[in-house]
Amino acid sequence: MPINIVPTQPFSDQKPGTSGLRKKVRVFQQPHYLQNFVQSIFDTLEIPAGAILTLGGDGRFYNKEAIQVIIKMAAANGFAKVLVGQNGILSTPAASHVIRKYETFGGIILSASHNPGGPDDDFGIKYNTSNGGPAPEKITDAIFANSKQIQSYKIVDDLPEVDLSSIGTTTLDGYEVQVIDSVSDHADLMQSMFDFDAIKRWLAAGHSIKFDAMHAVTGPYAKEVFVNRLGAPEDSLMNCEVSENFGGGHPDPNLTYAEELVNIAYGDQAPDFSAASDGDGDRNMILGKRFFVTPSDSLALIAANAKLIPAYAGGLSGVARSMPTSGAVDRVAAKLGIDCYETPTGWKFFGNLMDAGKVTLCGEESFGTGSDHVREKDGLWAVLCWLNLLAATGESVESLVRKHWQQYGRNVYSRHDYENVPSAPAQAVMNHVKQQFETLPGQVFGSYTVHTVDDFSYTDPIDSSISTGQGLRILFVCGSRVVIRLSGTGTEGATIRVYLEAYTEDPAQQQLDAQDALAELISVSNQISQLPALTGRQQPTVIT
């Protein structure tokens with residue numbers, strides 16, 4: 001195959017964030033922009049002979065065009081074969097599973113996760129390594145370094161476009177592109193882990209479910225699992241047709257953006273169980289009848305009851321959570337006598353712990369939960385965990401959670417997102433808190449006394465790598481806390497995330513709505529951070 005060497009110039013803005021490079025579609029559509037970043041990935045890798053690349057995305061606008069470009073570039077950069085999801089569709093957890101199942105060299109996932117899609121919205125690309133997990137910082141740092149000095153990229157321009165709609169293999173001069181059925185692959189994995197027979201009986205007994213794919217990648221996977229394999233009625237699913245712009249919505253499964261499902265779950269004819277997943281299928285939201293389960297509680301409850309799930313009948317090696325996630329799972333780990341690790345935000349930090357056999361379950365408060373079956377969070381997996389527990393216990397979602405609180409206490413928890421804040425005032429909030437590091441300890445704000453204030457850093461217990469600047473923590477003497485972070489998942493401005501947490505063993509306090517229980521702490525947080533005054537934002541965009 002004739003390889004074309006195309007001259008180019010570096011772009012200065014190709015630094016990967018928490019989970020890859022995310023920009024507006026029109027940025028990626030600039031001449032050479034996508035190609036530069038892909039070449040920077042390939043230049044970072046030592047690609048062996050016979051290497052296979054996994055490739056696919058969440059079906060958003062520009063995915064199919066980008067896939068064709070990457071297929072041609074992979075051929076020019078020494079890959080022997082590319083595995084592509086049918087129609088270019090590959091959920092993020094399914095991509096991780098494909099990498100691991102077929103032992104591919106790594107994978108490129110095209111997704112901006114829960115961000116909106118369409119010609120004027122977001123696009124993303126990230127590299128996953130051979131363990132199936134997101135590339136660690138040492139690799140993403142090297143990719144960025146390469147992107148700043150790139151002078152040319154390699155591509156086989158004459159390679160014909162591949163028909164992504166048909167399962168099968170295309171071969172040209174020994175180079176193979178295989179379109180695979182990743183939906184069946186992932187469904188087979190789920191069926192091997194959960195008691196599908198028990199869930200079928202639970203559904204057949206008259207229990208009802210509603211799953212919202214939010215017009216995103218999980219739709220085909222949900223149809224295969226819930227309808228074809230578990231026998232749920234077709235009308236148990238909603239918004240399961242993959243759309244390039246996610247039906248014009250925001251595919252983020254929370255109480256704000258999944259309003260259609262929330263209205264059903266809190267309606268007069270509410271199903272027994274409701275759930276949603278996000279743009280690329282790695283996040284989840286869990287609801288019972290007129291009852292919302294926080295992601296932090298979901299992780300803790302799954303951990304506490306894991307032995308009821310066949311895949312974890314032998315127990316857990318350990319658990320991990322991101323720093324902003326509540327300490328609910330810590331209390332479960334202490335009772336089970338297993339280790340609990342606190343990491344920075346970003347699923348890549350769990351990979352080393354899983355590979356070393358240190359943890360089985362892990363989760364983030366940003367609606368992400370998963371286990372060592374893959375190296376990404378997995379929305380459908382989390383939904384099946386809950387269905388398995390409902391089937392095994394005969395309890396409702398609400399009763400399971402309330403019994404958990406009775407046993408372990410409740411970590412009352414909420415996250416307030418202030419989206420698309422201009423960068424300067426967002427940074428001003430962070431700087432204002434940092435300037436008080438030495439003066440805040442000991443100060444009293446109503447019923448709260450500040451214990452310590454810091455900027456969270458993490459030393460990886462496996463490879464000793466150090467990550468700093470991971471979020472500002474205001475810790476109070478009573479055990480409550482406020483965490484403030486700038487999110488790395490948006491494409492413009494900044495999202496300020498404020499995490500609020502208070503622990504209570506008082507049954508009366510456990511019944512309160514989280515916003516009511518946290519009202520004083522919210523006021524204290526605003527007083528310390530001066531967020532409303534510095535940003536002009538009096539209310540968060542999203543409350544979860």
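## A tour of one pocket and one cavity

The lining of the second largest pocket in this predicted model is made up of 11 nonpolar, 6 polar and 5 charged residues. The space they enclose has a volume of about 390 Å³.

Start at the middle of this pocket. Select Tyr266, Phe292, Arg410, Asp513 and Ala514: of the 22 lining residues, these are the closest to the centre.

Next, colour the elements around the pocket. Strand S14 (291-293) and strand S19 (410-421) each supply at least two residues of the lining. Helix H14 (397-408) and helix H17 (514-517) do so as well. With these four shown, Phe292 can be picked out within the range of S14, Arg410 within that of S19 and Ala514 within that of H17.

Now leave the pocket for the closed spaces. The model has 5 cavities of 30 Å³ or more. The stop here is the second largest cavity, with a volume of about 110 Å³.

Select Gly20, Lys126, Tyr127, Ala135 and Thr140, the closest to the centre of this cavity among its 15 lining residues. Then show helix H2 (33-44), strand S6 (122-128) and helix H5 (137-147), the elements that give two or more residues to the lining.

Which element gives the most to the lining of this cavity? Strand S6 does, with 3 residues. Lys126 and Tyr127 fall within the range of S6, and Thr140 falls within that of H5.

To finish, colour the cavity lining by class: 8 residues are nonpolar, 5 are polar and 2 are charged.

Terms used. Residues are numbered from 1 along each chain as its sequence is written. This is a predicted model: local features need pLDDT of at least 70, side-chain atom pairs count only at pLDDT 80 or more; totals for chains, interfaces and linings use all residues. Side-chain values use heavy atoms; hydrogens and water are left out. On a 1 Å grid over the protein atoms alone, a cavity is a set of points where a 1.4 Å probe fits but cannot get out, and a pocket is an open set with protein on both sides within 12 Å along at least five of seven lines; lining residues have an atom within 4 Å of a point. Grid points are joined across faces, edges and corners, and a volume is the space filled by probe spheres set on the points. Ala, Val, Leu, Ile, Met, Phe, Trp, Tyr, Cys and Pro count as nonpolar, Asp, Glu, Lys and Arg as charged, and the others, Gly among them, as polar.
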